[in-house]
Amino acid sequence: MTSDAESSRKGYAGRVTAGIRDLHPSYFAFVMATGIISTGAFLLGPAWLSLALLVIASIGFVVLIAALVIWLARYRSRVVAELQAPERAFGFFAISASCDLLGARFAAAGHPTVTAVLACMAALVWFALTYGVPASLLVARQRDSVLGGIDGTWLLWAVATQSLSIDAATLLAAWPSQSGLLATTAVALWSVGLLLYVLLVALIWQRWLTIAVTAATLSPPYWILMGAAATTVLAGSEILTLPAVSAIAGFVKGTCFVFWSVGTWFIPLLIVLGLWRHALRRWPLRYEAELWTVVFPLGMYSVASLSFGKAAGLSFMEPLSRGALWVAVAAWLLVAAAGLARLAQAGLSPSRRRPTRAA
């Protein structure tokens, strides 16, 4: 009995160690997805769902931060390799985006101090990555071209930038004395995010048109094409509520409508590409952490549509955002159930099963 318990503990410890060793910052997409759906439920109801998802997102964030600290301390060679891999490096921006989106939810709940702390963390990570990742790809890459490594995770750079803009605009209500600084920061980051989105989408289209697309390379993060556009719309909607930027309100409103249209246009295309991958190419549909990069854009589209509809006086966007929110909730439940099933399956692996006695 003692031997079985000890074996069980060793097996559990081994799985935790392996999980930390194989950790990647893009796993923070779970926090991004859960946090933004919590915000949507806060705005549209039900309140209990919003609170439950906020608790889950907060616990997930703390666990992932703890695992990330251990990963950075114990597996430095892996960290360096990830930062130099074009297909992996931009996943680090999920850390910054998760801080901001969770912070925005806390601001909605009336905790601006928590938002400010998370925004400062996000800003430090964003600044380091914004200059560190491109520099590492320019001067330390191991291949002649990075075009083959471009995928949807690159757009997390734009998402993280716009998420910082959202927090800057959100904090203005709590610190009106800093309205000039916060409004300028929000508009500046929003503008940078616009440029990044256009640049990165152009690179993605170039990759699609010059390198053969396979079921393996057509991964879930391409849904961030829509999610990044929606994040831009949400950031612009927050800027529209700031009196300090009334002079450019017309430009912001028009740009938001363009990006909302582009994000909406991407949805059918992404569905078609998903059907091609799984139905025609028969790529197995199983749980992977990247599936949270599908859930996040769905939740962001709902919140962005609602916020922009209110800011621009477009009444049809509220029922649209309600429908999108429940689609996002359904997707969250499916991916969470698949993840729990995988954990349960790992717990019942052959190494842990007690051998049956022969009859």
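These legends go with four close-up views of a predicted model.

**View 1. Helix α9 against helix α10.**
Here you're looking at α9, residues 179-210, packed on α10, residues 224-240. The two axes sit 10 Å apart and make an angle of about 165°. Since angles over 145 degrees count as roughly antiparallel, that makes α9 roughly antiparallel to α10. The crossing is left-handed. On the α9 side, the contact is made by A186, V187, W190, L194, Y197, V201, I204 and W208. Facing them from α10 are L225, A228, A229, T232, A235, G236 and I239. Sort the residues of this contact by class and you get 13 nonpolar, 2 polar and no charged.

**View 2. Helix α9 against helix α11.**
This view keeps α9 but turns to its packing with α11, at an angle of about 30° and with the axes 13 Å apart. Angles under 35 degrees count as roughly parallel, so α9 is roughly parallel to α11. These helices, too, cross in a left-handed way. From α9 come W190, L194, Y197, V198, V201, W205 and W208. They meet F251, V252, T255, C256, F259, V262, W265, F266, L269 and L273 of α11. The class count for this contact is 16 nonpolar, 1 polar and no charged residues. Look out for W190, L194, Y197, V201 and W208 of α9: they touch α10 and also meet α11.

**View 3. Helix α11 against helix α12.**
Now α11 is shown with α12, their axes 11 Å apart and at an angle of about 150°. α11 passes α12 in a left-handed crossing. K253, C256, F257, W260, T264 and I267 are the α11 residues in the contact. Their partners in α12 are Y301, S305, F308, A311 and A312. This contact divides into 8 nonpolar, 2 polar and 1 charged. C256 of α11 meets α12 here, and C256 also appears in the contact with α9.

**View 4. The second largest pocket.**
This close-up shows the second largest pocket, which holds about 610 Å³ of space. The pocket is lined by 26 residues, and the closest to its centre are W223, H278, L285, L291 and V294. Which helices each supply at least two residues of the lining? They are α11 (249-280), α12 (292-312) and α13 (317-347). α11 gives the most, with 7 residues. By class, the lining has 20 nonpolar, 3 polar and 3 charged residues.

Terms used:
Residues numbered from 1 in each chain as written. Predicted model: local features only at pLDDT ≥ 70, side-chain atom pairs only at ≥ 80, totals over all residues. Heavy atoms only, no water. 1 Å grid on protein atoms, 1.4 Å probe; cavity = no way out; pocket = protein on both sides within 12 Å on 5 of 7 lines; lining within 4 Å. Points joined across faces, edges and corners; volume = space filled by probe spheres on them. Helix = DSSP H or I, 4+ residues; strand = E, 2+ residues; numbered from the N terminus. Nonpolar A, V, L, I, M, F, W, Y, C, P; charged D, E, K, R; others polar. Axes fitted to C-alpha atoms, helices over the stretch in contact; angles between N-to-C directions. Parallel < 35°, antiparallel > 145°, perpendicular 65-115°, else oblique. Left-handed = near helix turned anticlockwise from the far one by under 90°. Contact = heavy atoms within 4.5 Å.
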